[in-house]
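Reader: I have a two-chain model open on my screen and would like to understand how the chains meet and where empty space is left. Could you walk me through it?

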Amino acid sequence: MQDLIIEATIKTPEVRFIASNGLLTLRGRSIPENSIDFFKPLHDWIDGYFLNPQEKTCVEIKLEYFNTSSSKSMLDLFKKMEALNGVQTKIEINWFYEEDDEDMLEAGEDYQAILNIPVSMIAVDEL
Amino acid sequence: MSNNQLYDFFRKLDQDGVMLSYKGFVSPELISCILKIVEDKLNHSEENPRTRKKVYNVLVESLQNLYHHVDEDPNAKDMNPEESRSVVVAIVQSHDAYYIQTGNFITRDHLSALLPRIDTLNLMDDLQLKTLYQERLSSAAISEKGTAGLGLIDMVRKSGNKLEYWVSEINPDCSFLCVQIKISKEK
């Protein structure tokens with residue numbers, strides 16, 4: 001299966017979804033006016049990947065900013081993964097945030113509260 | 001505006017702490033420009049990265065709210081569609097806070113749906129806002145426009161302050177709504 005690589009723009013994050021090691025990374029800013037268009041290929045890729053996933057799938061979220069439209073699209077993506085968790089692959093989400101960024105920590109905690117996938121909060125000096 | 005008036009305008013913007021003001025149509029490109037200008041100015045003027053991030057976050061939601069929800073100027077019959085959806089935006093700073101101010105035309109129906117929502121959010125504490133956000137995030141469907149009814153909650157939650165608003169009625173069917181969000185400067 002092909003990897004999904006999308007370069008960052010001023011309003012959308014860098015995407016690195018690597019099929020061969022099950023590492024799925026979003027990095028940068030996700031603030032498009034309408035997040036549906038941007039997230040569509042991510043959903044499509046996940047559908048394909050889960051036909052034959054790695055034993056472990058690790059999602060790394062390293063976002064500096066994201067808007068509420070993206071927060072909903074991201075949840076939909078996580079929900080899709082949640083439905084498949086434990087079937088053929090074990091999924092974990094690593095939520096990175098800058099140490100002083102309480103809002104980003106809280107945003108990660110929102111997903112922790114909603115999802116039945118383990119979400120680990122990881123503080124770093126700089127994303 | 002004559003040259004003299006322009007100087008007065010400059011002094012007034014300066015005295016009022018206006019970082020940016022804009023009147024016109026809101027497009028995704030315009031939003032990118034405003035965000036870039038404000039981010040650059042904040043990088044110079046604001047030392048606290050948390051405050052910078054909060055202003056940026058609230059500004060994103062505020063501008064995208066305008067972009068998705070602005071109604072037409074009732075006096076706009078002869079204007080082109082872009083002009084008829086003009087808004088006003090200002091980002092202002094005082095010694096202890098930043099203010100994001102927006103003004104836009106809004107129909108009576110939209111206004112009577114919006115104001116009770118703002119009033120309800122303004123009465124909520126941090127925990128209630130967090131719970132409401134999580135409920136709405138997990139239950140609401142995303143619209144075709146990419147909205148999920150989370151913007152206002154997010155703005156109140158991140159700013160930590162109430163949304164203030166003023167309504168000027170233009171005619172029985174349309175008003176001009178001004179909204180102000182305060183983001184306190186952290187030490």
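Reader: How far apart are the closest N and O atoms in the salt bridge of A:Asp103 with B:Lys54?

Author: Happy to start there, with the reminder that this is a predicted model. A salt bridge needs a side-chain nitrogen of Lys or Arg within 4 Å of a carboxyl oxygen of Asp or Glu. A:Asp103 and B:Lys54 satisfy that rule, and their closest N and O atoms are apart by 2.9 Å.

Reader: How many salt bridges does the rule find across the interface of chain A and chain B?

Author: Polar contacts also cross this interface, with 23 residue pairs found where both residues are at pLDDT 80 or more. For salt bridges across the interface of chain A and chain B, the rule finds eight.

Reader: Which element gives the most to the side of chain A that touches chain B?

Author: Four elements of chain A each supply at least two residues to that side: helix H1 (35–49), strand E4 (56–66), helix H2 (68–84) and helix H3 (102–114). By class, the side of chain A that touches chain B has 10 nonpolar, seven polar and 13 charged residues. The element that gives the most, with eight residues, is H3(A).

Reader: Which three residues supply more than any other three of the area that chain A buries against chain B?

Author: The contact draws 30 residues from chain A and 36 residues from chain B. Together the chains bury about 2,700 Å², with carbon and sulfur atoms giving 49% of it. On the chain A side, 24% of the area buried against chain B is supplied by A:Glu33, A:Tyr65 and A:Lys72.

Reader: Now for the empty space. Which element gives the largest share of the lining of the largest cavity?

Author: A search of the whole structure finds one cavity of 30 Å³ or more, and the largest cavity has a volume of about 60 Å³. Its lining is made by A:Glu64, A:Tyr65, A:Phe66, A:Asp101, A:Asp103, A:Met104, B:Asn57 and B:Lys158. By class, those lining residues are three nonpolar, one polar and four charged. The largest share of the lining, three residues, comes from E4(A).

Reader: Which element gives the most to the lining of the largest pocket?

Author: The largest pocket holds about 650 Å³ of space. Of the 33 residues that line this pocket, the closest to its centre are B:Asn65, B:His69, B:Leu114, B:Arg117 and B:Leu152. H2 of chain A gives two or more residues to the lining, as do helix H3 (49–69), strand E3 (97–107), helix H5 (108–122), helix H7 (151–159) and strand E5 (174–184) of chain B. The element that gives the most, with seven residues, is H3(B).

Reader: How many residues of the lining of the largest pocket are polar?

Author: The lining of the largest pocket can be divided by class. It has 13 nonpolar and five charged residues, and the number of polar ones is 15.

Reader: And the second largest pocket: how many charged residues does its lining have?

Author: About 460 Å³ of space lies in this pocket. Among its 27 lining residues, those nearest the centre are A:Asp103, A:Glu106, B:Lys54, B:Arg157 and B:Lys158, so A:Asp103 and B:Lys54, each counted as charged by class, appear here too. H3(A) gives the largest share of the lining, five residues. By class, the lining has five nonpolar and six polar residues, while the charged ones number 16.

Technical notes. Residues are numbered from 1 along each chain as its sequence is written. Chains are lettered from A and ligands numbered from 1 in the order in which they are written. This is a predicted model: local features need pLDDT of at least 70, side-chain atom pairs count only at pLDDT 80 or more; totals for chains, interfaces and linings use all residues. Side-chain values use heavy atoms; hydrogens and water are left out. Contact means heavy atoms within 4.5 Å. Buried area is the accessible area (1.4 Å probe) that two parts lose on being put together, summed over both. A polar contact is a pair of N or O atoms within 3.5 Å; within protein, one must be able to donate a hydrogen and the other to accept it, and residues adjacent in sequence count only if both atoms are side-chain atoms. On a 1 Å grid over the protein atoms alone, a cavity is a set of points where a 1.4 Å probe fits but cannot get out, and a pocket is an open set with protein on both sides within 12 Å along at least five of seven lines; lining residues have an atom within 4 Å of a point. Grid points are joined across faces, edges and corners, and a volume is the space filled by probe spheres set on the points.
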